[in-house]
Amino acid sequence: MAFSLPDLPYSKDAFGETISAETFDYHHGKHHNAYVTKTNDAVEGTDLAGAKLSEVIASAKSQGNQGLFNNSAQVWNHSFYWQCLSPEPQIPQGKLAAMIEDSFGSKDEMLEKFKAEATGHFASGWAWLIKNGDNLEITSLHDADTPVVYDGMQPLLTLDVWEHAYYLDYQNARPDYVDALLDKAINWEFVAKNLDGEGVSRADQDG
Ligand SMILES: [Fe+2]
């Protein structure tokens, strides 16, 4: 067995101009797929062959194997990101909505903070809404870095802020990409599901 490229949970043209089919062709079909291929090549014939993706990420981090960490973490990050998107506009509901109000004051304040984090993050990386204990927090991580390897960072929602996520549709206008997705393309049902602390498992896979 080896890691595989997960199917998108919607059709490539489901988001119209918000995220074009061409972006999915490159972002999912080329970039994400390349991370899968490079991770498989790196673990083949090693002690990590057959290990779960989350185990490969943690092991690469503890061994200081930056190349394997980058590729395996990007497999997981993208697998999680696709699930954070919904072609049907949603709003946070129930327990999630209540926790957002407790932690940020209101949904709008949370979205403003998330937008500021995502647009202000320097260079490549990922913006995150995470659960830490009973609180929700917004942060960002550089390059391929991932909540998978941090205690106290239970992943709820992410936006990819690498240029390859938005350049075809928004060129260099990262704020427009962030605005558009936060406004009409977030799968808040998936985000709410991750309040159970099992978010890592939802983008994990067996090796
Ligand atoms: Fe990406």
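Start by selecting I130 in this predicted model. Look across to strand β2 and you'll find E137, the bridge partner of I130 there. Now turn to β3: on that strand, P155 stands opposite I130.

**The sheet**

Next, select residues 125-132, which make up strand β1, and add β2 to the view: the two pair in the antiparallel sense over eight bridges. To find β2, pick residues 135-142. The hairpin of β1 and β2 has two residues between the strands. Zoom in on G133 in that hairpin, which takes a positive phi near 65°.

Now bring in β3, residues 154-160. Its pairing with β1 is antiparallel too, with six bridges. For a landmark here, select W128 and follow it to T158, its bridge partner in β3.

With the three strands highlighted together, what order do they take in the sheet? Reading across, you get β2-β1-β3, an open sheet with antiparallel pairing. The edges are β2 and β3, each of which pairs on one side only. Tilt the view a little and look at how the strands are turned against one another: for neighbours in this sheet the average is 25°, direction ignored.

Before you leave, colour β3 by burial. How many of its seven residues are buried? Six are, so the strand is mostly covered.

**The loop between β2 and β3**

Stay close and select D143, which sits in the loop between β2 and β3. Its phi is near 55°, a positive value in a residue other than glycine. That's worth a pause, because most residues other than glycine have a negative phi. Is D143 buried or exposed, or something in between? It counts as partly exposed, because there are 16 C-beta neighbours inside 10 Å, and 20 or more would be needed to call a residue buried.

Move along the same loop to V149, which also lies between β2 and β3. V149 is partly exposed, with 18 other C-beta atoms within 10 Å. Which residues does V149 touch, leaving aside its neighbours within four places in sequence? They are I57, A58 and K61. Try drawing a line from V149 to A58: the two are 91 residues apart in sequence, but their C-alpha atoms are 5.9 Å apart in space.

**Helices α2 and α3**

A58 leads you to the next stop. Select residues 53-63 for helix α2 and residues 66-83 for helix α3. They pack at an angle of about 150°, with their axes 9 Å apart. That makes α2 roughly antiparallel to α3. The crossing is left-handed.

Show the side chains where they meet. On α2, pick L53, S54, V56, I57, A60 and K61; on α3, pick L68, F69, S72, A73, V75 and W76. Colour these contact residues by class and you'll get nine nonpolar, two polar and one charged. You've already met I57 and K61, since V149 is in contact with both.

**Helices α4 and α5**

Now select residues 94-104, helix α4, together with α5. How do these two helices pack? The angle is about 70°, and the axes are 8 Å apart. The two are therefore roughly perpendicular to each other. This crossing is left-handed.

The contact uses A97, I100 and F104 from α4, along with K107, E109, M110 and K113 from α5. By class there are four nonpolar, no polar and three charged residues here.

**Helices α5 and α7**

Keep α5, residues 107-120, and add helix α7, residues 174-184. Their axes come within 9 Å and cross at roughly 145°. Which hand does the crossing of α5 and α7 have? It is right-handed.

Select L111, F114, K115, A118 and T119 on α5, then R174, P175, V178, D179 and L182 on α7, to see the contact. Six of the residues in this contact are nonpolar, one is polar and three are charged.

**Last stop: Q171**

Finish at Q171, in the loop between α6 (167-170) and α7. Q171 has a phi near 50°, which is positive in a residue other than glycine. Is Q171 buried or exposed? It is exposed, because 11 other C-beta atoms lie within 10 Å, and the cut-off for exposed is 12 or fewer.

How values were computed. Residues numbered from 1 in each chain as written. Predicted model: local features only at pLDDT ≥ 70, side-chain atom pairs only at ≥ 80, totals over all residues. Axes fitted to C-alpha atoms, helices over the stretch in contact; angles between N-to-C directions. Helix = DSSP H or I, 4+ residues; strand = E, 2+ residues; numbered from the N terminus. Left-handed = near helix turned anticlockwise from the far one by under 90°. Contact = placed C-beta atoms within 7 Å. Nonpolar A, V, L, I, M, F, W, Y, C, P; charged D, E, K, R; others polar. Pairing = 2+ DSSP bridges. Parallel < 35°, antiparallel > 145°, perpendicular 65-115°, else oblique.
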